[in-house]
Structures are given as structure tokens and as C-alpha cells.
Amino acid sequence: MKKRHLHKKKPSFKKKWSAKLHLWFGLSIGLIVFIVALTGTMYVFKDEIQNQTRKGAIYVNPETITQTPLPIEVLKEKVSSVVNEKYPASSVEIPLDKNRSYEFLYYEKDKQAWNYFQEIKVNKLIYINQYTGQVLGVYDEKYSLFPILKAIHWSLLLKSDWGKYVVGIPVVLFIIMLITGIILWWPKNKKSRKGRLSFDWKNVRTWKRRNYDLHNILGFYASFVALLLSVSGIYFAYPWVKNTFNVTLSGSWEIPKEKEVKSPDSLLRKSKVIFDLAAWETKKLYPDASSFRIPLNGKNKKGKDLKNIPVTIYGEDGKFAIRNQLIFDKYSGKLLANKPHQKLNNAEKYANANYDIHVGSYFGLFGKIIWFAVGLICTSLPVTGFLLWLGKKKKGIKK
């Protein structure tokens with residue numbers, strides 16, 4: 001009796017092209033995906049690590065706590081005398097917890113630079129006891145681990161304005177790889193699906209099979225969170241992604257711009273306790289907040305002059321999603337506008353929450369653990385994928 005020849009069914013057009021795209025993109029951007037995933041994973045627990053390593057600077061001595069802290073201008077001068085920096089202090093972050101110290105930030109960028117170390121002229125964070133004026137810690141964030149990890153993750157240490165596209169384009173391709181990976185993984189029936197959801201290495205002796213399972217099974221479980229990570233990442237890089245979110249969430253192409261609020265008090269002479277008036281009013285209106293940030297040099301993050309004093313209030317420690325804003329006249333300290341989190345539209349709320357979603361803090365400690373695990377898997381995917389391709393290539397050469 002002649003043996004019947006069993007012919008394997010040819011893959012569908014969708015799976016055929018999914019395999020090709022998955023391979024081509026994987027070989028072209030694998031190294032960048034590895035670097036971006038690794039640095040992002042290492043960055044996840046930044047707050048938890050720094051809260052421990054900087055504990056002596058973050059918290060003040062309980063015995064020094066008094067009812068009223070020193071004026072912000074006085075604290076600013078004390079910080080300036082210690083730092084001895086030619087640039088002015090950019091902002092101060094004031095916690096509502098009396099046990100935590102004030103944080104003064106010095107931040108200045110060079111628009112003509114082409115890499116991270118030239119672009120950041122100064123990035124120093126100073127902790128000061130607001131009751132005694134004692135400087136508790138000075139950290140040069142420009143050369144600290146986590147800001148450098150963030151710069152690698154964001155732009156591969158290139159200038160942030162255009163370096164974000166060097167990372168952004170591979171991330172878009174990585175999203176396509178995740179989708180094609182799910183298509184390739186998806187089985188035809190329930191019976192074959194079981195073998196793709198768990199590891200069964202009892203009778204497996206070759207490393208190639210184990211490597212295949214690591215890439216296939218772990219990649220599938222991580223793919224859905226990885227999609228969320230990737231989309232929230234390119235939200236920062238591409239305006240069209242942000243605009244798509246805006247239209248979907250609020251029906252408008254752009255987030256409403258802040259209207260300029262004018263006050264007759266602006267003609268008056270600037271008060272010396274202007275920042276203290278703003279701080280006192282902020283504490284009164286938002287007593288349950290975590291902290292708030294006051295700009296001190298009269299400029300925003302882009303270096304443009306501020307016409308008023310915008311105070312940003314953070315609802316929870318280590319999170320940016322719940323964010324309120326107060327606008328004060330920069331001469332008199334008079335409250336001009338109050339924009340609480342509840343009055344924001346859905347697009348504005350998402351814009352504030354996107355960073356927390358990207359790093360996992362939006363979902364609390366559990367979210368960070370999941371994000372960390374997914375980050376490790378994403379870091380391993382370019383490695384296991386390359387080994388898969390290398391194994392098939394060598395097999396072809398032997399034949």
C-alpha cells in the first residue's frame with residue numbers, strides 16, 4: 001500500500017504577510033526596541049527608589065516644624081547661595097504634608113544643541129527645610145540615573161525635539177509587529193489554542209523549542225499591555241495621535257487653550273510676598289491635595305514668558321492625572337481663575353493622565369508591577385525573535 005503524502009495547508013494571505021512584516025520590522029528595529037523597552041522598564045519604580053535613597057532630604061526633622069514656613073523668596077535666596085548657579089530657580093514644589101521639604105528646581109535648555117548633555121544646560125533639584133532654611137540635599141539631575149534613562153527612552157540621548165521621532169517611528173512599527181504577532185499566534189481551533197497559552201516543556205529537549213515558546217507565549221500575554229504602552233508613548237511624540245484622542249474623547253481637534261485673564265491690579269507694583277500669597281490661597285482652596293508647583297522665573301516649560309502665575313496642584317503623590325490649576329496676577333497675587341480637575345473635558349483629563357498610564361502609576365503599585373513585567377518581556381522579544389530567525393536561517397543552510 002502506498003503511503004499518502006500529507007500536504008500542509010498553505011497559510012492565508014493575512015498570515016503570510018503578517019509573518020513577513022513581523023520579520024522585516026523585527027530585524028530592522030529590534031535593537032531600538034530592546035533599548036527603549038529596557039530603559040522604560042528600569043524607569044518604572046523611579047519614585048519608590050528615590051523615596052528611599054533620598055529619604056533624608058525629602059523629609060524634615062520633626063523637631064524643626066513650626067506653624068508657618070519661611071517666605072519663599074527667603075528660601076529661594078538660601079538655595080541660590082548654596083547652588084551658586086548663574087540661571088534663576090525655575091520653580092518650587094510645595095507639599096501639603098508638613099513633614100516633607102520644599103523642592104526647588106533649576107532647569108534650563110539650549111535650543112541649538114543636538115544631544116541630551118548639550119541640550120540640558122542645568123537640571124538641579126534642591127531640597128530645603130522650609131522652617132529653618134537648611135538645605136537638605138542638592139541633586140544634579142542632568143547626570144542622575146533616572147533622567148538619563150528617560151532621555152534614552154525618549155530620544156536615544158539626541159535632542160528631544162527631533163530625537164523623539166528616532167524613537168517614535170520604531171515604536172509605530174513595533175505596534176504593527178504586536179498586531180501581526182497576535183495574528184500569527186491566533187490558532188484555528190480551540191484544541192490547538194491550549195498549547196499556545198501555557199508552557200509544556202516535559203518532553204522538550206532543544207533550546208530552540210523553548211525559545212520559540214518564550215517568544216510566542218510571553219509575547220501574546222504582554223502584547224495587549226504593550227499596545228497600551230506604545231500608543232501612550234507616541235501620544236507624546238506625534239500631534240496627530242494626540243489630536244485623534246482629542247476628537248474621540250471630546251469631539252474637538254485640539255484641547256481648549258487657556259484664555260488670557262487680565263486684572264487691573266497688574267498695573268500695581270509687584271508684591272515681595274507674591275508667591276506666599278499664591279501658596280496660602282492654594283492651600284486654602286485645595287487642602288486635600290498632595291503638592292503644588294509655582295513657577296519662579298516667569299517662564300513656562302517652553303521658555304516663553306508667563307503673563308500670570310499659573311499654579312499646578314497635584315491631587316495624589318507620584319501621579320499627574322488629577323491636576324487642578326489656579327491663575328494668580330503676577331503683581332498683586334490676586335486669584336484670577338480656578339480650573340479644577342472636575343471641570344476639564346475628557347480630552348484634557350486624558351492629557352493629564354497619559355504619563356501615569358505610560359509608566360503604570362495610574363493603576364497604583366499593582367499597575368507598576370504589571371508594567372515592569374511587561375517591560376521585561378518586551379525587552380526579551382527582540383532577543384528571542386532574533387534567535388528564532390537565526391535558528392531558521394542555519395537550518396536552511398544545512399538543508
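In this predicted model, helix 1 and helix 7 meet along a shared contact. From helix 1, the participating residues are Lys14, Lys15, Ser18, Ala19, Leu21, His22, Phe25, Gly26, Ile29, Ile32, Val33 and Val36. Helix 7 contributes Val166, Val167, Pro170, Leu173, Phe174, Ile176, Met177, Thr180, Gly181, Ile183 and Leu184. By class, this contact comprises 16 nonpolar, 5 polar and 2 charged residues. An α-helix has 3.6 residues a turn, so residues three or four places apart point the same way.

The geometry of this pair can be stated as follows. Helix 1 spans residues 13-43 and helix 7 spans residues 160-185; their axes come within 8 Å and cross at roughly 140°. Helix 1 is therefore oblique to helix 7, because an angle counts as roughly antiparallel only when it is over 145 degrees. The crossing of helix 1 past helix 7 is left-handed.

Helix 6 (145-155) precedes the loop that leads to helix 7. Which residues of helix 6 are buried? They are Phe146, Pro147, Ile148, Leu149, Ala151, Ile152 and Ser155. The elements that cover these buried residues include helix 1 and helix 7, together with helix 2 (46-53) and helix 5 (116-119). Helix 1 and helix 7 thus contact one another and are also among the elements covering the buried residues of helix 6.

Helix 6 is followed by Leu156, whose phi is positive, near 55°. Leu156 lies in the loop between helix 6 and helix 7, and this phi value occurs in a residue other than glycine. With a relative accessibility of 25%, Leu156 counts as partly exposed, because it falls between the 20% limit for buried residues and the 50% limit for exposed ones.

A positive phi near 55° is also found at Asn84, again a residue other than glycine. Asn84 belongs to the loop between helix 4 (72-83) and strand 1. Its relative accessible area is 67%, so Asn84 is exposed.

Strand 1 covers residues 91-95 and includes Ser91. Is Ser91 buried or exposed? Its relative accessibility is 7%, so Ser91 counts as buried. Leaving aside residues up to four places away in sequence, Ser91 touches Glu103, Phe104 and Leu105, as well as Arg293, Ile294, Pro295 and Leu296. With one of these residues, Arg293, the Ser91 side chain makes a polar contact, side chain to side chain, at 2.9 Å.

Key:
Residues numbered from 1 in each chain as written. Predicted model: local features only at pLDDT ≥ 70, side-chain atom pairs only at ≥ 80, totals over all residues. Heavy atoms only, no water. Axes fitted to C-alpha atoms, helices over the stretch in contact; angles between N-to-C directions. Helix = DSSP H or I, 4+ residues; strand = E, 2+ residues; numbered from the N terminus. Parallel < 35°, antiparallel > 145°, perpendicular 65-115°, else oblique. Left-handed = near helix turned anticlockwise from the far one by under 90°. Contact = heavy atoms within 4.5 Å. Nonpolar A, V, L, I, M, F, W, Y, C, P; charged D, E, K, R; others polar. Buried < 20%, exposed > 50% of the residue type's maximum accessible area, 1.4 Å probe, protein only. Polar contact = N/O pair within 3.5 Å; in protein donor to acceptor, adjacent residues only side chain to side chain.
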